Amino acid sequence: MSQAGSVEREESATDGGSGRNSPSPSVYSYHSSVDGNVMLRDIHGRTFNNTSDQYMLPADVAEHGRLDLQHEMLKKKRGGLFYAPQAVKKALAPREGSQPSILDVGSGSGSWVIEMGRRFPHAEVVGLDLAPANLSSTPPPNCRFECDDANLGLLHHKGCFDVVNASCVTQGITNYRKFMGEVVEVLRPGGVFLTVAGDLQIHDENHNMLPLIDEGEPGFTYTLRLIHAIRDAMRARGPGVDAIPKIYDWLQDQGEVWESIGQKILYIPLGPWEVDSRSSPPDRNISHANYFISELMRQDFVRLIQSVRPLLLSYGWFDETVDKWSAGAQDEIKILKNKYYIRVSPTGVT
Ligand SMILES: C[S@@+](CC[C@H](N)C(=O)[O-])C[C@H]1O[C@@H](n2cnc3c(N)ncnc32)[C@H](O)[C@@H]1O
């Protein structure tokens with residue numbers, strides 16, 4: 001963040017000199033065995049957060065396993081835990097006076113929080129989510145998790161963090177521009193905002209976005225049908241899904257609060273079809289890493305198909321329809337019938 005935008009934040013730093021951050025934790029630091037029943041609800045056989053009707057992907061072990069897989073895929077594709085590594089390391093450098101601190105909005109399974117906690121043991125790392133995480137390992141002592149809805153505002157964290165991360169959370173944010181404005185307030189001078197957004201669209205071999213094609217028409221696939229149904233059902237719950245391609249422009253609109261804005265547009269094959277179609281033996285034209293990343297994307301997508309079933313049923317689709325589309329899409333993905341890409345765009349602003 002540019003120093004030009006930092007004066008107010010410097011004045012309002014609220015750690016009272018203790019070095020401890022976020023003195024008024026958002027809402028709750030939960031104990032999962034006690035509080036799970038209050039914070040979670042069952043819908044169509046899966047477990048969901050009990051706070052937001054807008055965000056309707058599960059918050060259970062299966063979904064958090066999917067998020068762990070997605071986390072590994074993003075890490076491999078991005079080349080690390082975060083975009084803009086120099087800016088992040090600078091913002092989190094040990095210093096006198098206050099403990100460097102990181103906020104992960106929509107922390108999901110908690111893996112990013114835990115890995116950041118290990119990578120920066122001198123920093124405090126806070127994961128914030130609508131629902132408790134099903135953690136895959138014990139967090140180090142510098143990590144903690146809070147249950148809160150980012151839509152209720154973040155300003156109680158004003159001037160408390162050096163890095164704010166919001167990965168794949170757009171869909172749960174009601175007003176992303178307002179959210180971005182609050183991130184500016186939450187960051188300390190020199191802070192970094194990291195986002196990652198997967199735009200829930202299918203792209204063809206030439207990176208063109210594919211429109212919905214009706215059943216029976218040339219080019220129809222169940223995968224395409226399903227992704228459009230998912231988008232429609234999400235859009236009916238809030239505008240987040242349409243915010244994804246606009247984030248970069250909105251960051252630019254924020255003007256001089258940011259010193260620099262960087263974004264990568266990455267296309268990840270939905271399954272390792274690049275290998276199958278191009279060469280034999282399969283690893284001639286594709287690195288082992290790319291093979292692995294596209295396989296992870298395939299696994300992620302197949303699990304997503306399971307996770308969106310309650311969303312599609314709640315939208316009004318019949319069980320039989322959802323089952324037919326889901327089975328069809330899984331078959332297509334299994335045999336690598338289509339040469340599809342999913343676009344992912346990590347962004348870093350300082
Ligand atoms: C698709 S997951 C991504 C999780 C994690 N950031 C990752 O990249 O693996 C989105 C997460 O954001 C959380 N979420 C969605 N809307 C939210 C909101 N308004 N406030 C807090 N968390 C939210 C969801 O509960 C979910 O855990």
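Begin by selecting helix α7: its buried residues pack against α8 (240–243), α11 (288–307), α12 (309–315) and α13 (319–334). The model is a predicted one, and this helix is the starting point of the tour.

**Helix α7**

Restrict the selection to residues 222–235, the 14 residues of α7. From the first C-alpha to the last, the helix reaches 20 Å, close to the 20 Å expected at 1.5 Å a residue. Next, display the side chains of Tyr222, Thr223, Leu224, Leu226, Ile227, Ile230, Ala233 and Met234, which are the buried residues of α7.

**The nonpolar core**

Now widen the view to the largest nonpolar core, a set of 84 residues. Here α7 gives the most to this core, with seven residues. Select Val163, Val164 and Val192, the residues with the most contacts inside the core.

Center on Val192 and look for its partners beyond four places away in sequence. Val192 touches Ala84, Ala87, Val88 and Ala91, and also Val163. Gly348, Val349 and Thr350 are further contacts of Val192.

**The loop before α7**

Move to the loop between β7 (187–198) and α7, and pick Leu200 within it. Its phi is near 50 degrees, a positive value in a residue other than glycine. Is Leu200 buried, exposed or partly exposed? Leu200 is partly exposed, because 18 other C-beta atoms lie within 10 Å, whereas a buried residue would have 20 or more.

In the loop between β7 and α7, select His207 as well. His207 likewise is not a glycine, yet has a positive phi of about 70 degrees. His207 is exposed, since it has 10 other C-beta atoms within 10 Å, and the limit for an exposed residue is 12 or fewer.

**The shell around the ligand**

Turn to the ligand and select the 22 residues that surround it. The closest are Gly106, Gly108, Ala150, Ser167 and Gly172. Coloring the shell by class shows 10 nonpolar, 10 polar and two charged residues.

Which element gives the most to the shell? Helix α3 does, with three residues. Both α3 (61–78) and β4 (124–129) supply at least two residues each.

**The whole protein**

Finally, zoom out to the complete protein, where 13 helices and 10 strands can be displayed. Of its 350 residues, 43% count as buried. Among contacts between residues at least 6 apart in sequence, 74% join residues at least 24 apart.

Definitions and conventions. Residues are numbered from 1 along each chain as its sequence is written. This is a predicted model: local features need pLDDT of at least 70, side-chain atom pairs count only at pLDDT 80 or more; totals for chains, interfaces and linings use all residues. A residue is near a molecule or strand if its C-beta atom, placed from the backbone, lies within 6 Å of it. Helices (H or I, at least four residues) and strands (E, at least two) are DSSP runs, numbered from the N terminus. Ala, Val, Leu, Ile, Met, Phe, Trp, Tyr, Cys and Pro count as nonpolar, Asp, Glu, Lys and Arg as charged, and the others, Gly among them, as polar. The expected span of a helix is 1.5 Å times one less than its number of residues. Two residues are in contact if their C-beta atoms, placed from the backbone, lie within 7 Å. A nonpolar core is a set of buried Ala, Val, Leu, Ile, Met, Phe, Trp, Tyr and Cys residues joined through C-beta atoms within 7 Å.
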